[in-house]
Amino acid sequence: MAEIRNFTLNFGPQHPAAHGVLRLVLEMDGEVVQKADPHVGLLHRGTEKLAESKPFNQSIGYMDRLDYVSMMCNEHAYVMAIERLLGVTPPLRAQYIRVMFDEITRILNHLMWLGAHGLDIGAMTVFLYAFREREDLMDCYEAVSGTRMHATYYRPGGVYRDLPEQMPKYAPSKFRSKKEIDRLNEARSGSLLDFIQDFTERFPKCVDEYETLLTDNRIWKQRTVNIGVLSPERAMALSCSGPVLRGSGVVWDLRKKQPYEVYDRVDFDIPVGVNGDCYDRYLVRVEELRQSNRIIRQCVDWLRSNPGPVMLDDHKIAPPRRVEMKGDMESLIHHFKLFTEGYTVPAGETYAAVEAPKGEFGIWLVSDGANKPYRMKARAPGFPHLAALDELVRGHMLADVVAVIGTIDIVFGEIDR
């Protein structure tokens, strides 16, 4: 009688559900996964080492490129670490702007996740719906920073500039009718805050649309319920965080447990799962979309009624205004020194963590008193989640591996760093 042997299967990096750069070596017994061995390093760019060779203020752009789906949240941790070492606190208005953009980033991340996860499992329409809303939020990024993704908008001491008073508008085009252009520009006639407020009013209906497509869909439930179950004890032992940890029933959110910026001043709830399976993690993220929307609305209301500075007035940290720089020699020197040498940061070390969309994103920063970090280490939330993949997929079918990879929301920029 022929001997039945396990065989090894390469899942990715070319597989569309491997999201570009995951190589997963699966040991299969027929259709059942016996062992999963994730291979990382295909997107390693040496970010942490590069940060050691540049002044503190020149590495903010590298942070955007770590988890390139939740850009500003990465900047936030790095900028907070620098501010702690410098011993400075940004103005209150800047803190509200940061919180608002952190939540805009959370919605951007979860929409990308929802679309890609749906596509992996076989739901095509939700991908198109999710990207429709992402487009509006990308325009918010572009309005404040000039770029749609890698914003470099947060700076030590505040944010790059105040919120603009007008939104970019769609120009006439041969691809769109005048009626369509007018409809698109209707929400863009006011300031950025008007545009964001309009978005917060219509977004809950959009989330209802996603839920109509997926939440009670029997195919979706067959693919996600009781798949990749993670108990709360194991989730904590594997150092999971974010929706993966909360999906297992652990109430842990840095915005509530260790509030930073103005999270202790806004009202929101933390969604928590029960079973710790793919379906619960999906429900947690969908509810986070609604809660982020609530936070953004509160920030918009506060920012409307409280004008003020968005950057510290210390030219050793913040650049002078262009107008001053053109006419005042001292301002020109400040500007030149700031953008060539940066600033020296007192010797010491710190760890600054934010509740990024995927979990706890932290920056450990060591300064030896120079203008460059002595050591910089990024604590990426996706790394322990990928390490837990073997435990999550054992005993499941090959098709379930795709559902589990989708549900832990992996982006390789931060894992490989």
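**Notebook: sheet β6-β7-β8, core and D102**

I began with strand β7, which is mostly covered, with eight of its nine residues buried. I note at the outset that I am working from a predicted model.

I then looked up how β7 sits among its partners, and found an open sheet of three strands in the order β6-β7-β8, with antiparallel pairing. Because β6 (348–356) and β8 (375–379) stand at the edges and each has a single partner strand, one side of each is left without a neighbour in the sheet. Direction ignored, neighbouring strands of this sheet are turned by 10° against each other on average.

Next I went through the two pairings in turn. The antiparallel strands β6 and β7 are joined by nine bridges, and they form a hairpin with two residues between them. On the other side, β7 (residues 359–367) pairs with β8 in the antiparallel sense over five bridges.

Which residues stand opposite I363? I found A352 opposite I363 in β7, and I363 in turn opposite A378 in β8. I also noted G362, which stands opposite R379 in β8.

I looked for a helix packed on this sheet, and recorded that α3 (residues 71–86) lies across β6, β7 and β8, running at about 150° to β6.

I turned to the nonpolar cores. The largest has 88 residues, of which M100, F101, Y153, L163 and I363 touch the most other members; helix α4 gives the most to this core, with 13 residues. I363 therefore enters my notes twice, as one of these core residues and as the residue opposite A378.

I followed L163 further and, leaving aside its neighbours within four places in sequence, listed its contacts as R93, I97, M100, F101, V144, Y153, L192, L193 and L303. A second, separate core has 32 residues, including A235, L392, I410 and I415.

My last entry concerns D102, which is found in helix α4 (residues 92–121). What is the nearest side chain of opposite charge to D102? I found R106, 5.6 Å away, and D102 is buried yet has no salt bridge. The cut-off matters for this reading, because a salt bridge requires a side-chain nitrogen of Lys or Arg within 4 Å of a carboxyl oxygen of Asp or Glu. Setting aside neighbours within four places in sequence, I listed the contacts of D102 as M72, C73, H76, Y154, Y260 and Y263.

Methods. Residues numbered from 1 in each chain as written. Predicted model: local features only at pLDDT ≥ 70, side-chain atom pairs only at ≥ 80, totals over all residues. Heavy atoms only, no water. Helix = DSSP H or I, 4+ residues; strand = E, 2+ residues; numbered from the N terminus. Buried < 20%, exposed > 50% of the residue type's maximum accessible area, 1.4 Å probe, protein only. Lys, Arg positive; Asp, Glu negative; His and termini not counted. Contact = heavy atoms within 4.5 Å. Pairing = 2+ DSSP bridges. Axes fitted to C-alpha atoms, helices over the stretch in contact; angles between N-to-C directions. Core = buried A, V, L, I, M, F, W, Y, C linked by side-chain atoms within 4.5 Å.
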